[in-house]
Structures are given as C-alpha cells and as structure tokens.
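Visitor: Could you take me closely through one part of this model, the place where the two chains come together, and then set that part in its surroundings? I would like a connected account rather than a list.

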Number of protein chains: 2
Amino acid sequence: MKKQLRVPGPTEVPEEVLRESSKQMIGHRSAEYVEMFKKISEDIKQVFMTENDVLIFPGAGTGGMEAAIVNLFSPGDKVLVLTTGVFGDRFAEIAVSFGLKVEKLTFDPGQCVNPDKVRERMERNREEIKAVIVTHNETSTGVLNDIKEIKSALGDFPGLFVVDAVSSLGAAELKTDEWGIDVVVTGSQKALMTPPGLALISVSEKAWRACESSKLPKYYWSFVRAREYLKKGQNPYTPAVQQIYALKEAVRMILEEGLDNVFLRHRKLSKAFRHGIRGMGLELFARDEIASPTVTAVKIPENLNFNNFKKRLKTDFNIEIAGGQKELKNKIFRFGHMGYIDEKDILACISAIEICLKNLGLSIKIGSGIIAAEEILIKGE
Amino acid sequence: MKKQLRVPGPTEVPEEVLRESSKQMIGHRSAEYVEMFKKISEDIKQVFMTENDVLIFPGAGTGGMEAAIVNLFSPGDKVLVLTTGVFGDRFAEIAVSFGLKVEKLTFDPGQCVNPDKVRERMERNREEIKAVIVTHNETSTGVLNDIKEIKSALGDFPGLFVVDAVSSLGAAELKTDEWGIDVVVTGSQKALMTPPGLALISVSEKAWRACESSKLPKYYWSFVRAREYLKKGQNPYTPAVQQIYALKEAVRMILEEGLDNVFLRHRKLSKAFRHGIRGMGLELFARDEIASPTVTAVKIPENLNFNNFKKRLKTDFNIEIAGGQKELKNKIFRFGHMGYIDEKDILACISAIEICLKNLGLSIKIGSGIIAAEEILIKGE
C-alpha cells in the first residue's frame, strides 16, 4: 500500500530529491563541493527572506536551537521566552541548561502568543532582557504565531529577536530582514522537503555582535568558525553531503514553484483539511485565525480511542499520524501537511479518516468531511 | 570518467548502501523506525567490539568528540591528551574550549604515541588526571597508535580511557571491552562506508558514572537522554533517517564479510599501496610498523609540485586525493584507502600515480611501483 507520512516531520521527500541525495560522495574540500555549497548557501537565503549569512550544520533542529543559545549568550544572561507549547518550552529548557536566566511568558495550549501581553511585559524593566525568543509555528498544538505583530509589540527593544522556525520555514511567510529578526533556526526535515540531518541558522549583524561577547563555551556549534569556512564555500567539519545534495534540489524546486505560491498552497491545503475535519463533526484544537499552515491538531472525540484510530489509519490506509505530546497526549491528534504535499493527499486523507471513524463505530455522516474539503478546493482561497 | 575518491573521508559508499539511504522517510516514532534503530544499535556493537551501549547522534565526528567532553567532565577537570597530529590536537582544543585543564603529551608528526613516555608520565602525580584521551588512527599523518599497548602503559590508572576512532573503527581492530576502553568516538563517513552525518559513541559503565557527576552544561549531546530514548529504540530528537538506513546496510555488509576479514583486507591493501609507492622511489611519511591501514601519507619529492600532481590525478584519472594539513601542507600528500575499497582500486591508483609522475617529468621507472604492489597481492599477507 502506498504510504502517506502525515506526521509533522520528518516529512515526505520528493523522488527527485531522494535521487539527488543518493549520489556518490565527493570530498568536502573539493572544488565541486565548494561550488555546490556556495550555491545552496546563497539560494537558501531566498527561503529565509534574508541577506544574512545562513549557517548549515550537520545536526537536528534542536542542535540548531542549542547553537543559537551557546553562540549568542553568556551564563546569567536573561532571555524572555514566549511559549505556546512543547517547542517554546524546549527553547526555554535549553537556555536554562546553559545557565541563562529564563523568564517565560506562557500561553495556553492551542492559543497563540498574545502581542498585547508582550507589549505589556516590555513596558517594565526590560533593560536586563538580552533577547526575546519565540516559536513561529508551534508543532505541538498547530498554532502559527504572528511574528510581525510580536516584533512590533517589542517596540524599540534593543535586544535580540530569535525565532524558531523549524516547522514553518519554507511553508509560512517569515520576512527575516523586513521584520527585523536576528536569528532564525530551522531544520531540513519539515517544509524544506529534505531528509533530516541539517540545522540551518540565519544570523543578523546585531547577532554577530552578540556572538563576539558571548562567554558560553562552544566548539562544534561555533558560528564564528562556520562563517570563516562559509567564506570559502566550506564547512569546519565534514558536512552531511547527502542532505546538502538533497537541499540543493529541494530549494531549487521551492524557488521554481515560487515562495508565494508555496505559502499559498500550504494555506489552501490547511484550510481544506480543517474544513474537512470540521465537516465530519470533529473539533479543531486551534481556531482558524491562528491555525498553522503546516500541522493541524484535532481534538479526540470522547467516544474514540486514539490508538485504535491511529492503528486503523495505518493498517487500512498506510497513513501515519502523530498523537499529542506531554499534557496533550490522548487529547489531540496531529496531521502534518507541509513540504511535499498536494490536494490529492489532503482529499485522500480526509476520506480515509471518514472511513476509519465510521468503521470504528462513530456516528458521522459519510461524505460530510470530504464534501466540506472539496468546497474549499473548488472555491480556491 | 569513473571517480576514485581517495581522500581520507568522506569515503565512497557502496551502491547498495546509497540505494538503501534513498528510501522514503518514515516517522521516527513509528514501530518501523524503532525496529530498525534497535537492530542497528545492537549490530553496531559488534563493530565496536563492545557490550556497551552505542549512542548515535546526528552530527559530524567532531560533534561526537565534543559530546564526550561535555558529558564526562566538569570545568577544571584535568585530562591528558596523547597527540600525534591534527586530530589529537583537536580533541585537546575541544577540551580547552570547555574549560578543562589539558596536559598534552605530543609526539612528532609521523611518529606514534610512545607507550614508554606514557608509562613514565603515569608514574608521577597522575592523581588529578581524570582521563587519558588518544587518537587511534591519526588521519593527518597516517599513523595507527597501539591502543592495547597504551592501555597497558596506563597500568592501574583509575580514570577514564577515551579513544577517537573516527578514521579507524571498522577498519582496524579496536577491542573496546577487552582492552578496557571507556569511550570510543567515531563517525559514519570513514571505514563504516556510510555517508557523513552520524557521530557514534560507546560508553562504558565507568563512563556512565562519570556522566553522573559531570557539571558541564549540555542538552543536545546529553548521553543520559540519548540512553533513555535508546531503551525504547528511539532518539531524543529527529534522527538522520537516511544515514540510519545507510548504516544498517553498511554494517550488514561488514558483518557479512566478517570483521577479521575486513581488518585483513585493510592491512593487505595498505601494504600493497605502500610497497607500490616505495617501489616507484617515493618516501613514506610513517614507518611500516606504525603505518595506518586506512590512510597513507607520502612525502612530496623535492622536484614535484603537489598542486600540479593533485590536479593531474584529478583531470587525467578523476582520482581525488588530499594534501597535508597545517605544518605538513606541501610536505606530504595523503591517500585514503578505507571502507569500500578493493585490490583493483589500489592497483589502478598506483598505476595512475606512476603515469602522472612520469608525465610531470619525474625520473621514475615505469612499472616499478605497480610491480611492487602486485608482489604483495600475489604473496598475500
């Protein structure tokens, strides 16, 4: 049975990208590698919507988050973390691990960062805050934070603005330079349609100045060393050659489709999926206005056993989905719809969900979900 | 023209391994992934020759070295680094970066660690030394250190014994448990015939106790967290799925050939290569007794311009080699011969070198190298 990988990462990778990634190795100090790495390091800037250098490390997205902390700060520095779920909490946890003073502004699961609360917080003793850190797309709840609004709520805050865009970059608009974001962290394995194994980080001029005064110990993740090597189109240590091959092809495909078209596609598919879910009488975890274009969280109906549902989708349709994390375990399930995904995937998925729910004895009206989804795709956005 | 990648890493990857690595992604929390990761985590122990857990992180080998430092030690801890070149120095540099007191016992480039010097050093105030760190195979000079001898020189030293086996594991015998090595670090991209992107680390019981008292900050590289997840066949963060696919197939091939046969093949090919080089009148950098089975360093003859030679090998034969690093730049060149390599590769390479040297005007006797190499392969080892 054909597979649909509807977990929120790693995501499915286009055939063309898999094929590129399986080319034979080349030396990472060769002219051939240098040419390729220079090209991808330039092209990826378009996806980051920045003129800043984008550093690429072999590692997971969490490694990129750690890299941001150890390069920008010193022990005892205070950061304000705006958190809307597991991944906001993770950034805070990493900062605590490295001896930073962390103040968390926490928003309820399923809610977004409220810019008014941020504005309020920035009105009192903000002097000691070195940086504000926020998750663009909270993968654990399916919420997209409004980075532009949050930035504007920071007013003339002179510190750094750091954004975790692991599950959004390449799927949702993030105007790094125009919105004044100093550091953006992402991973290869989500909307970038590339296998996991790369952490990518853009660094502004202001952030480079922070790096200069950072006193946290670092070696592997050193931004300064990565920039030195980037100047010659190289990496300090052996790069993940396969994923560099893959990323080059994936970014080519993204730019060929056009960033705006990619964003539009994600919004449209997310909307169709949500309408489909709602059409069959299920409840969405996040409201429409703040819904993520890359992952949708659905409340588990009272009369449904999540594990049975998950198993059924897997055995009957070979569709793989994710459950809730931590306190949301057995309360929501999550569908990833980012990167290499089209209308047919969404339609088949909604129909499969209808069938599984019906087979599990839920009283849903057959066709109610798929009709609602189709309506969105007929109308367009 | 067919390529020969004779740099000392990344090395060529077998077709079967490339093909496995290009399979579609799967969820890293799925039963399918868990089954695969449990299997590779077990099988890799045979290559490490250990019963200890082997942790696998997305990252370069240098990341694995950093991981060892931040998990085992606290700021101010003293370590003794036995260094024979660039990679011994790198381990020392990482330790210094994280606030360790580092004592280096340095041996001349091209020489191995002298166990007598180690024994001598361990006879005086060794109490404050928390660990002895050594490179198994010094990639920068083509020297293999005798880990068993070095361990025996440590006598009843109660601290940790840490070995960097990045360019040796899977090519040269390293009896982790029998020889009493607490931590072995390697990378996927050398003798393991897998694309770059994985750092692999084995951790002994004694090393786990050291982890418990370590006070260096850590998050991404946390051994404790990696072990927790390993128990359920998982990773804390998104793993490099492609390289896990690849490693599984590569290790299957290594175990099918048989570890002893793999070691023998490397010794034999190294010997044939060295005889070939010597046969054409060139001088080897390391003496036979301590010669690496994975990388050979050759002194550049006075009347040869290295860059011309390197370029000629590349354009005329599509063979890629490496030069010397740091103070050995323009003094030696290096040939990698590890992992996916056989007799035909060595023979073609020796002939190609003969032809290039002749074409560059060196007065070598055509056939002198290849005959010497053939003699070794006729006799066997």
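Guide: What follows begins with the meeting of the two chains and then moves outward into the fold of one of them. The model is a predicted one, and the account should be read with that in mind.

The contact between the chains involves 46 residues of chain A and 46 residues of chain B. On the chain A side, four helices, namely H1, H3, H4 and H9 (241–257), each supply at least two residues to the surface that touches chain B, and H3(A) gives the most, with 4 residues. Sorted by class, that side of chain A holds 20 nonpolar, 20 polar and 6 charged residues.

How are the two copies related? Two copies of a chain are related by a rotation about an axis and a shift along it. Here a rotation of 180° with 0.0 Å of shift along its axis places chain A on chain B, with an RMSD of 0.0 Å, and the two copies are thus related as by a two-fold rotation axis. The C-alpha of chain A nearest that axis belongs to A:Gly59, at 2.4 Å from it. The interface itself tells a matching story: 100% of the interface residues of chain A are also interface residues in chain B, so the copies meet through the same surface.

Two of the helices that supply this surface, H3(A) and H4(A), also pack on each other within the chain. Two packed helices are described by the angle between their axes and the distance between the axes. The axes of H3(A), residues 61–72, and H4(A), residues 86–97, come within 10 Å and cross at roughly 45°, and that angle makes H3(A) oblique to H4(A). The crossing in which H3(A) passes H4(A) is right-handed. From H3(A), the residues that take part are A:Thr62, A:Met65, A:Glu66 and A:Ile69, and they meet A:Arg90, A:Phe91, A:Ile94 and A:Ala95 of H4(A). By class, this helix contact has 5 nonpolar, 1 polar and 2 charged residues.

Turning from the helices to the sheet of chain A, one finds 7 strands in an open sheet with mixed pairing, in the order E2-E10-E9-E8-E5-E3-E4. Its edges are strand E2 (53–58) and strand E4 (101–106), each of which pairs on one side only, and the twist from one strand to the next averages 20°. Within this sheet, E9(A), residues 183–187, and E10(A), residues 198–203, run antiparallel and are joined by 5 bridges; A:Gly187, for instance, has A:Ala199 in E10(A) as its bridge partner. Helix H7(A), residues 205–213, lies across E8(A), E9(A) and E10(A), and runs at about 105° to E8(A), whose residues are 160–164.

Some backbone details in the loops complete the picture. The peptide bond from A:Gly9 to A:Pro10 is cis, with omega near -5°, and A:Pro10 sits in the loop between strand E1 (4–5) and helix H1 (15–21) of chain A, H1 being one of the helices that supply residues to the side touching chain B. In chain B, a cis peptide bond likewise joins B:Gly9 and B:Pro10, with omega about -5°, and B:Pro10 lies in the loop between E1 and H1 of that chain. Elsewhere in chain A, A:Lys326 has a positive phi, near 50°, although it is a residue other than glycine, and A:Lys326 is found in the loop between strand E13 (322–323) and strand E14 (332–336).

Key: Residues are numbered from 1 along each chain as its sequence is written. Chains are lettered from A and ligands numbered from 1 in the order in which they are written. This is a predicted model: local features need pLDDT of at least 70, side-chain atom pairs count only at pLDDT 80 or more; totals for chains, interfaces and linings use all residues. Axes are lines fitted to C-alpha atoms, for helices over the stretch in contact, and angles run from 0 to 180 degrees between N-to-C directions. Angles under 35 degrees count as roughly parallel, over 145 as roughly antiparallel, 65 to 115 as roughly perpendicular and the rest as oblique. A crossing is left-handed if the near helix is turned anticlockwise from the far one by less than a right angle, and right-handed if clockwise. Two residues are in contact if their C-beta atoms, placed from the backbone, lie within 7 Å. Ala, Val, Leu, Ile, Met, Phe, Trp, Tyr, Cys and Pro count as nonpolar, Asp, Glu, Lys and Arg as charged, and the others, Gly among them, as polar. Copies are superposed by least squares on the C-alpha atoms of residues with pLDDT of at least 70 in both. Two strands pair if DSSP finds at least two bridges between them.
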